[in-house]
Amino acid sequence: MKQMKVLLARSALWLLGRAMCACAALDSRAQAEVRVWEDGVRIAMRVGPAGPAMVLEKRGERLRYLGATGIDTAYLVITFKHVDAALPVLLGMTSVARCWAERRMTMKGDPTLAMSVVRVMLLVEAYLFPGLITRRIMQRVPAREVSMARVYLSTLLAAHGR
Amino acid sequence: MIPQYFEFYNPVKILSGSLALENIAFELKQLGASRPMLLTNTMLTGVGLTRIVQEALRGSEITLGAVFEEIPPDSSIHVVNEAGRIFRASGCDSFIALGGGSVIDTAKGLHILITQETDDIMQYMGADILRAGKRLPFVVIPTTAGTGSEVTLVAVIAHPERHVKMEFTSYHLLPDLAVLDPRMTVSLPPRITASTGMDALVHAIEGYTCNQKNPLSDAYAWSAIELIREHLPRAVANGKDIEARMAMANASLMAGVAFSNSMVGLVHAIGHACGGVSKVAHGDAMTILLPHVMVYNLDMLADLYGRLLLPLAGPEVYAATPAAERATKAIAVVREMTRQLSQACGLPMRLRDVGVTEADLPAIARTAINDGALLLNPKEAGLNEVTLILQKAL
Ligand SMILES: [Fe+2]
């Protein structure tokens, strides 16, 4: 059971990471957030100290998806304390704010950057999940600028690693 | 109302009242220390407080290994590093922080430096990432009644070169001992008494209403507000009123315990930004912003604000106010309290009174939405909402 959860969390992190790359290219608000991040900055999200992880890197105007490599050099590391804390957030069942308030995650690094990352995550959730889901975890769901299908296509197929 | 999940931690031993300082030596000995470093600032030494602490330790088995007085009102990583150098050079084994928010934050920075055995605390910035590290007895003697830092798990230290306000949040930053001695606050001027007291009130109100409120933090917040209602006006009117001073010291501490566990929200998010961008003193920003943020939060928090009318105004007013009007009445009570303090000692009521201009607002709003406290406010707020609140408070 636990292994299934870890597997699910791994896939969800992959999806979230690549969707953040997609949104940074397709959504003007996500673009504006990422624009002010320092070039080359790495952002990591992981489950437990040894669970699945994903790392993003800002390059020029874009976000690159680095998989699980480069955590040690990340300027911001968000760690869910365990997989059962991570899954509800990654699957859109619990808000990041709530997970944070319950101290189910830790944060290493600059809180200013963390808040910007959270705003990008909220935008991404508005594309990944239908309104039925997002309305339960957000008081105001951001309007989509492009279609869900376009973000999904880019998330699943575009070469965000390069 | 019990949250689905919460955590609560407050291991700080509290010494409160007359001759509290004289017990520090005994407590330090119990903690296994004999050579503390004293951290304070030259202003407090100037008014004789450092002397009183030194006198209280005289003749005990405790010897001050060093006295570090060079802590400015806005502490930075350089001050922490300098304190660390002296701490190590003088063979100290514990430390005593005597002062307000900046001295205590510096002490917490020093705590990280020594316990983590590092030369660069920046790599430890973040939330819940510190390991326990080396044991280091840590005593705090607050000289204002407001920040509650003697019982909070957070420290903010500037890194001027990197342009970062480093934030450290960890249960391992909590002191071992908080010493509330009336001699330490009697000489605080009325204006600062009022402003720091309002900071404590905001801690209690936000602690009672923010996302991770729980029955334990509620109890602390509630009692803090009751104490503040009665004793803040008294302490402002007569600084020598020892009972009022001790009540405020305890209220500040209790509000600190409350918000250290339930966290603060939008008043602090915007208030920190006013401090960062326009150099507004923390307590002044709290005083000015509190009623405006309460109005903003009202639709989400009507029930909780309504309950707070009882500690804020007392049972007579609470009972005489129809249930549906209690929340707005609570806001009116807060406004009236501020107005009276303003008349008594010149506490500012508007942002323009403390030098904020219309042109500053966009920068303040942009900074505020990057403050972590925003995530813990029960009603979400973005750039537009924060800007509207700022315009009303200007
Ligand atoms: Fe405060």
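A residue counts as buried under 20% relative accessible area, as exposed over 50%, and as partly exposed in between. Keep that cut-off at hand for the exercises below, which work through a predicted model.

**Exercise 1. Which residue does Glu61(A) form a salt bridge with, and which parts does the pair tie together?**

Step 1. Start with the partner: Glu61(A) forms a salt bridge with Arg35(A), and their closest N and O atoms are 3.8 Å apart.
Step 2. Now place both ends. Glu61(A) lies in the loop between β2 (53-59) and β3 of chain A, while Arg35(A) lies in helix α2 (residues 28-35) of chain A, so the pair ties together parts that are 26 residues apart in sequence.
Step 3. Apply the cut-off. Arg35(A) has 44% relative accessibility and therefore counts as partly exposed. Glu61(A), at 53%, counts as exposed.

**Exercise 2. Work out where the salt bridges Arg234(B) to Glu230(B) and Lys379(B) to Asp299(B) sit in chain B.**

Step 1. The side chains of Arg234(B) and Glu230(B) meet at 3.6 Å, N to O. Both residues lie in helix α7 (residues 215-237) of chain B, four residues apart, about one turn of the helix.
Step 2. Arg234(B) has a relative accessible area of 27%, so it is partly exposed; Glu230(B) is partly exposed too, at 43%.
Step 3. Turn to the second pair: the closest N and O atoms of Lys379(B) and Asp299(B) are 3.0 Å apart. Lys379(B) lies in the loop between α13 (361-368) and α14 (383-393) of chain B and Asp299(B) in helix α10 (residues 282-313), so this pair ties together parts that are 80 residues apart in sequence.
Step 4. Check the accessibility of each end: Lys379(B) is buried at 16%, whereas Asp299(B) is exposed at 58%.

**Exercise 3. Trace the open sheet of eight strands and find its edges.**

Step 1. Write down the order, which is β3(A)-β2(A)-β1(A)-β4(A)-β5(A)-β5(B)-β8(B)-β7(B), with mixed pairing.
Step 2. Look at the ends. β3 (62-65) of chain A and β7 of chain B each have a single partner strand, so one side of each is left without a neighbour in the sheet.
Step 3. Inspect a parallel pair: five bridges join β1 (residues 42-47) to β4 (residues 76-80) of chain A, and Val47(A) has Phe80(A) as its bridge partner in β4(A).
Step 4. Compare an antiparallel pair: six bridges join β7 (residues 154-159) to β8 (residues 164-169) of chain B. Here Ala158(B) stands opposite Lys165(B).
Step 5. Finish at the turn. The hairpin has four residues between the strands, and His163(B) takes a positive phi near 55°.

**Exercise 4. How much area do chain A and chain B bury between them, and how many salt bridges are counted there?**

Step 1. Begin with contacts: 24 residues of chain A are in contact with 34 residues of chain B.
Step 2. The two chains bury about 2,400 Å² between them, 50% of it on carbon and sulfur atoms. In chain A, Arg103(A), Met115(A) and Gln139(A) lose the most area to chain B, together 28% of what that side buries.
Step 3. Count the charged pairs: there are two salt bridges between the chains. Arg140(A) and Glu385(B) meet in a salt bridge at 2.3 Å, N to O.

**Exercise 5. Find the residues that make the nonpolar surface patch of about 430 Å².**

Step 1. The members are Trp14(A), Leu153(A), Leu156(A) and Leu157(A).
Step 2. Helix α7 (residues 148-157) of chain A gives the largest share, three residues.
Step 3. Take Leu157(A), which sits in that helix: its relative accessibility is 68%, so it counts as exposed.

Technical notes
Residues numbered from 1 in each chain as written. Chains lettered and ligands numbered in written order. Predicted model: local features only at pLDDT ≥ 70, side-chain atom pairs only at ≥ 80, totals over all residues. Heavy atoms only, no water. Patch = residues over 30% accessible without salt bridge, like charges linked within 9 Å, V, L, I, M, F, W, Y side chains within 5 Å. Areas by Shrake-Rupley, 256 points an atom, 1.4 Å probe, with all protein chains shown as cover. Salt bridge = Lys/Arg side-chain N within 4 Å of Asp/Glu carboxyl O. Helix = DSSP H or I, 4+ residues; strand = E, 2+ residues; numbered from the N terminus. Buried < 20%, exposed > 50% of the residue type's maximum accessible area, 1.4 Å probe, protein only. Pairing = 2+ DSSP bridges. Contact = heavy atoms within 4.5 Å. Buried area = accessible area lost by both parts, 1.4 Å probe.
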